[in-house]
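Please work through the exercises below with the sequence and the structure at hand. Each task is followed by a solution in steps.

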Amino acid sequence: MSFADDFRATSLDASVWVPHYLPMWSSRAESAATFELADSELRLTIPVDQGRWCEGDHEPPLRVSGIQSGVFSGPVGSTIGQQPYREGLRVREEQPAQWGWAPRYGRLEARARMELSPRSMASIWMVGLEDEPTRCGEICIFEVFGDTVEGGGAAAAVGMGIKRIRDPRLEQDFEAPALEIDVSESHEYAVEWWPGRVDWFVDGDHRRTVQQAPAYPMQMMIGVFDFPAHAAAAEHAGHVPLLAVDRVGGGSVE
């Protein structure tokens, strides 16, 4: 399962990454990420004029730029697809199965920085492939909402944990401790994923342990999000959120 991407290439590795966010519920055209590769970073942004994802159906309104290391869906009109956001959601554009990187257990690392406003969020997480409906749990490597970033960047709430979604074998176990880090600077976020246990680390410091774990392959999701209906939306309407990632990878746990 050893894998690493330092984003030094001139283009995204299409054998690994799909530069769209859950395109089965929308389309490739309407879910395309805004990104660039520069100075050995993947830089995901949401320009002011970028449209809403699944506009008119997803509530609350959402804009997103994301890439993922796999994709899968059933045919158009079916309910087979990854991370549906409501019951009865139907596939709008069928996605051929592609799993560029889908580890099962190991150490997973991401080095990233972000520029957020109170109406935006950035996250890297692992999600089950959903080739079977209950293989859908999540391991959140990090999740940061801009409205938790303290003035001057002295600290931020960094979400980490297990999200059950619809996996009956898992329990929701998610926390967002306030860490004294400036998330606008690069930090290493990592998990060690074992059978029956997951450990979280930030810059090498152990932060959490959860005594459960998904037991199936998972793909990586990397995304930055904007919430146009947030209370602070009008005040920060001109802000362009950024998630910059200079390395992701995984390998055996030692």
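The exercises that follow concern a predicted model.

**Exercise 1. Aromatic pairs**

Task: Classify the ring pair of Trp53 and Tyr85, and state where in the chain the two residues are found.

Solution.
- Step 1. The structure contains 11 aromatic pairs. In the one formed by Trp53 and Tyr85, the centres are 5.5 Å apart and the planes stand at 65°.
- Step 2. Planes over 60 degrees apart count as edge-to-face, and the pair of Trp53 and Tyr85 is therefore edge-to-face.
- Step 3. Trp53 belongs to the loop between strand E3 (41-45) and strand E4 (63-68), while Tyr85 belongs to the loop between strand E5 (70-71) and strand E6 (98-99). With 32 residues separating them, the pair links distant parts of the chain.

Task: Decide for Trp53 and for Tyr85 whether the residue is buried or partly exposed.

Solution.
- Step 1. The relative accessible area of Trp53 is 4%. Buried means under 20%, so Trp53 is buried.
- Step 2. Tyr85 has a relative accessibility of 24%, and Tyr85 therefore counts as partly exposed.

Task: Classify the ring pair of Trp125 and Phe225 in the same way.

Solution.
- Step 1. The ring centres of Trp125 and Phe225 lie 6.1 Å apart, and the planes are at 40°, so this pair is tilted.
- Step 2. Trp125 is in strand E8 (residues 120-128) and Phe225 in strand E17 (residues 218-226); the pair links parts of the chain 100 residues apart.
- Step 3. Both Trp125 and Phe225 are buried.
- Step 4. Ring pairs join Trp125 and Phe225 with Tyr21, Trp53 and Tyr85 in a cluster.

**Exercise 2. An open sheet**

Task: Give the strand order of the open sheet and explain what sets E4 and E12 apart as edge strands.

Solution.
- Step 1. Six strands make up the open sheet, in the order E4-E17-E8-E9-E11-E12, with antiparallel pairing.
- Step 2. E4 and strand E12 (173-175) each have a single partner strand, so one side of each lacks a neighbour in the sheet.
- Step 3. On average, neighbouring strands of this sheet are turned by 15° against each other, with direction ignored.
- Step 4. Within this order, strand E9 (residues 138-145) and strand E11 (residues 159-163) run antiparallel and are joined by four bridges. Glu143 stands opposite Gly159 in E11.

**Exercise 3. From E7 to E16**

Task: Follow the strand pairings from E7 through E14 and E15 to E16, counting the bridges at each.

Solution.
- Step 1. Strand E7 (residues 106-115) runs antiparallel to E14, and seven bridges join the two. Here Gly106 faces Trp193 as its opposite residue in E14.
- Step 2. E14 (residues 187-194) is mostly covered, with seven of its eight residues buried.
- Step 3. E14 pairs with strand E15 (residues 197-202) in the antiparallel sense over six bridges, and Glu192 stands opposite Asp199 in E15. Two residues lie between the strands of this hairpin, where Gly196 has a positive phi near 80°.
- Step 4. E15 and strand E16 (residues 205-210) are antiparallel, with five bridges; Val202 stands opposite Asp205 in E16. The hairpin of E15 and E16 has two residues between the strands, and Asp203 takes a positive phi near 55°.

Task: Which arginine residues lie over the faces of Phe201 and Trp200?

Solution.
- Step 1. Arg107 lies over the face of Phe201, 5.4 Å from the ring centre.
- Step 2. Arg208 lies over the face of Trp200, 6.0 Å from the ring centre.

**Exercise 4. Nonpolar cores and Gln50**

Task: Name the residues that touch the most other members of the largest nonpolar core, and describe the surroundings of Ile222.

Solution.
- Step 1. The largest nonpolar core has 48 residues, of which Trp17, Phe142, Ile222 and Leu243 touch the most other members.
- Step 2. Residues up to four places away in sequence being left out, Ile222 touches residues including Trp17, Leu44, Ile67, Leu243 and Val248.
- Step 3. Another core, of 19 residues, lies apart from the largest one; Tyr21, Trp25, Trp53 and Phe227 are among its members.

Task: Determine whether Gln50 is buried or exposed, and list its contacts.

Solution.
- Step 1. Gln50 is in the loop between E3 and E4.
- Step 2. Its relative accessible area is 14%, and Gln50 is therefore buried.
- Step 3. Neighbours within four places in sequence aside, Gln50 contacts Thr34, Thr45, Arg63, Val64 and Ser65.

Technical notes. Residues are numbered from 1 along each chain as its sequence is written. This is a predicted model: local features need pLDDT of at least 70, side-chain atom pairs count only at pLDDT 80 or more; totals for chains, interfaces and linings use all residues. Side-chain values use heavy atoms; hydrogens and water are left out. Rings of Phe, Tyr and Trp (its six-membered ring) pair if their centres lie within 6.5 Å; planes under 30 degrees apart count as stacked, over 60 as edge-to-face and the rest as tilted. Buried means under 20% relative accessible area, exposed over 50%, partly exposed in between (1.4 Å probe, protein chains only). A charge sits over a ring if NZ of Lys or CZ of Arg is within 6 Å of the ring centre and within 35 degrees of the ring normal. Two strands pair if DSSP finds at least two bridges between them. Axes are lines fitted to C-alpha atoms, for helices over the stretch in contact, and angles run from 0 to 180 degrees between N-to-C directions. A nonpolar core is a set of buried Ala, Val, Leu, Ile, Met, Phe, Trp, Tyr and Cys residues joined through side-chain atoms within 4.5 Å. Contact means heavy atoms within 4.5 Å.
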